[in-house]
Amino acid sequence: MRVPFTFLTLFFVLVVAGQTNTYKISFENAVHHEAVIEATFPKLTMDTVSFRMSRTSPGRYALHEFAKNVYGFKAMDSKGNPLKVYRPNPYEWEVTGHDGTIHISYILFANRGGGTYAQIDETHAHLNIPATFMFVSDLKNRKIEVEFDVREDLNWKVATQLPLVSGTTYMAPNLYYFMDSPTEISDFTLKSFEIDGQTVQLALHHNGTEEEANQYFEKVKKTVLEQKEVYGELPKFDYGTYTFLACYIPNASGDGMEHRNSTILTGTRSLADGGMRGNIGTVSHEFFHAWNVERIRPKSLEPFDFEAADMSGALWFAEGFTSYYTNLILCRAGLISPKEYVEGLAGNFNYVWTSPARQFFNPIEMSYQAPFVDAATSVDPVNRENTFISYYSYGSVLGLALDLSLRQHSLSLDDYMKLAWLRYGKKEIPYTINDLHSLLNEYAGKAFGDDFFNTYIYKSGMPDYASLMKSVGVALKQKKEEPYFGAYVSINKDGTEGAITSNPKIGSPAYNSGLSQGDIIININGVPFSKGQRFADYLKQFAIGDSLQVNFSRFGNAKTAAIVLTPSPSYSIKLMEDMGQKPTANMLKKRKEWLKSE
């Protein structure tokens, strides 16, 4: 019901306006990667106000401790009197003695331009909001205004999903939207197109030409339109706009990070130097998240916690199924060929298929590992080679299997994702894993849904990929002729020795022979390495099945070990016609339906 505008309404508006938290960020010392942040918090009713730097960031699941780059913190009341500050922990500043208003200021050091951190220099101010701005948890529902004091001498402009107030001041309706709104401030190129009454725009910060920008924008448009075909419609973007914040410059770091109405895209390669092809995959992955994760959202990530690690057992679906669609969309859009797409499946497939980690964790449990691996750092060694499979890759190959399995019943993963969108995403109802299971039962039948979840999600079974691939005219062939060692070995530049740089995989020849990460291989059977040689090429001179002697050193002591090389467990994945086989007309029909290709 529309409320008539009365004096009471005006009073309420004025009160709310008075309870707006305001920020200002300036970049005079950008050359030294510093920004100065000032903020005002009025109408405070609590005696002690806790200012915090976030420990996490939307789209990430690990702790990042952004407080480590904050210094020079000061707090004053409305009259400029300094206030008492107490530090109860490394990421919190407690302020007392205020008069209802607190002004704070601090310096931020920022020099990593990706999806998680911030970077400030004379090329841009690349701001991930949790890495930049302090907040007060108790005031999470307050409106926020932020003024970006741009460097006019550098021709800087502002690109963000935050709605504009005026000039370079932008607004967020609450703390969560603010924290979820990365901002690129630079001399970028802005391109946009209209679709279904909404605007999709690309803010492109790069060192290339206008022609390159136009070519790349056309690829972005094709990707957006093809993804819309999966779900049947675009999400309704807040404020009617979705923004790709693309930054391809040498001082950035490679990354992509989804947000509700925007995404961060960063890379070091220019569009002219392979970036035209390489970066579009990140566009595809992150835009698919506008549906799957931003709106088709795991209940386990709601509400997002800025003060602790965020764990979800659904990342095999949220991230993994998104990864499955990443290159499939590019193929359907004509940006890569069916041959390139199919052969590109081998990387994720072999990683998952050959991993010993499935004996320890199923896809749900692999998803639980995210706080340990999602751009998280540790100095103590871990055994990831044997205990972890990325939920991106694991979910991707399971998405492939589910799609091809459904297509054998004249169904598709596209329609299952569309159903998830209509049931949960469009209504913004967070889902549980049991909801996904029930939805598959509803869509494909109880027997089908139970079998998939009970075998591959709640347990660590592997589908029959050979028959599934064959149904669309794709062949798997084991690389039996290639010798398998089971650990990465890096031969030095002089070709005098090779260091084992990974933990040997459980059950592999290297593992069974007692070799370990850090061992230095001098030679095998007395045959020296060659300068510039790859270890895989070195192994080809030895016969599979023969007992060989590895001469190596460990902790400076000379040792030997007997090893028997086995056939590689990896597979090549190719179109049947490229393997000298002839697919049937039905296989080609199903392939065309799958890849939407001629």
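Two residues are in contact when heavy atoms of theirs lie within 4.5 Å. That idea comes up again and again in what follows, so it is worth having in hand before looking at this predicted model.

Start with the whole chain. It has 19 helices and 28 strands. For 598 residues, a compact globule would be expected to have a radius of gyration near 25 Å, and the chain, at 27 Å, agrees with that. Taken along the principal axes, the C-alpha atoms fill a box of roughly 85 × 60 × 50 Å. Buried residues account for 55% of the 598. Contacts also reach a long way along the sequence: among those between residues at least 6 apart, 69% join residues at least 24 apart.

Then there is the outside. The accessible surface adds up to about 25,800 Å², and carbon and sulfur atoms hold 52% of it. As for charge, the chain carries 58 positive and 66 negative side chains, with the centres of the two sets 5 Å apart.

Zooming in, H126 makes a good first stop. This histidine sits in strand β9, which covers residues 124–127. Its relative accessibility is 1%, and because buried means under 20%, H126 counts as buried. The side chain of H126 has a polar contact with the side chain of E184, at 2.9 Å. Leaving aside residues up to four places away in sequence, H126 touches G113, G114, Y117, A118 and Q119, along with T183, E184, I264 and T266. E184 therefore turns up twice, once as a polar partner and once in the list of residues touched under the 4.5 Å cut-off.

I264 leads on to the next stop, since G256 touches I264 too, together with T282 and E286, again not counting residues up to four places away in sequence. G256 belongs to strand β18, residues 255–258. With a relative accessibility of 13%, G256 counts as buried, the cut-off being under 20%. L245 is 11 residues from G256 along the chain, and the C-alpha atoms of the two are separated by 9.6 Å.

E286, one of the residues that G256 touches, is also among the buried residues of helix α5. This helix runs over residues 280–288 and is mostly covered, with 8 of its 9 residues buried. Besides E286, the buried residues of α5 are I280, G281, V283, S284, H285, F287 and F288.

Technical notes. Residues are numbered from 1 along each chain as its sequence is written. This is a predicted model: local features need pLDDT of at least 70, side-chain atom pairs count only at pLDDT 80 or more; totals for chains, interfaces and linings use all residues. Side-chain values use heavy atoms; hydrogens and water are left out. Helices (H or I, at least four residues) and strands (E, at least two) are DSSP runs, numbered from the N terminus. The radius of gyration is taken over C-alpha atoms; the globule rule is 2.2 Å times the number of residues to the power 0.38. Buried means under 20% relative accessible area, exposed over 50%, partly exposed in between (1.4 Å probe, protein chains only). Accessible areas come from the Shrake-Rupley method with a 1.4 Å probe; for residues, only the protein chains shown count as cover. Lys and Arg count as positive and Asp and Glu as negative; His and the chain ends are not counted. The place of a charge is taken as NZ of Lys, CZ of Arg, CG of Asp or CD of Glu. A polar contact is a pair of N or O atoms within 3.5 Å; within protein, one must be able to donate a hydrogen and the other to accept it, and residues adjacent in sequence count only if both atoms are side-chain atoms.
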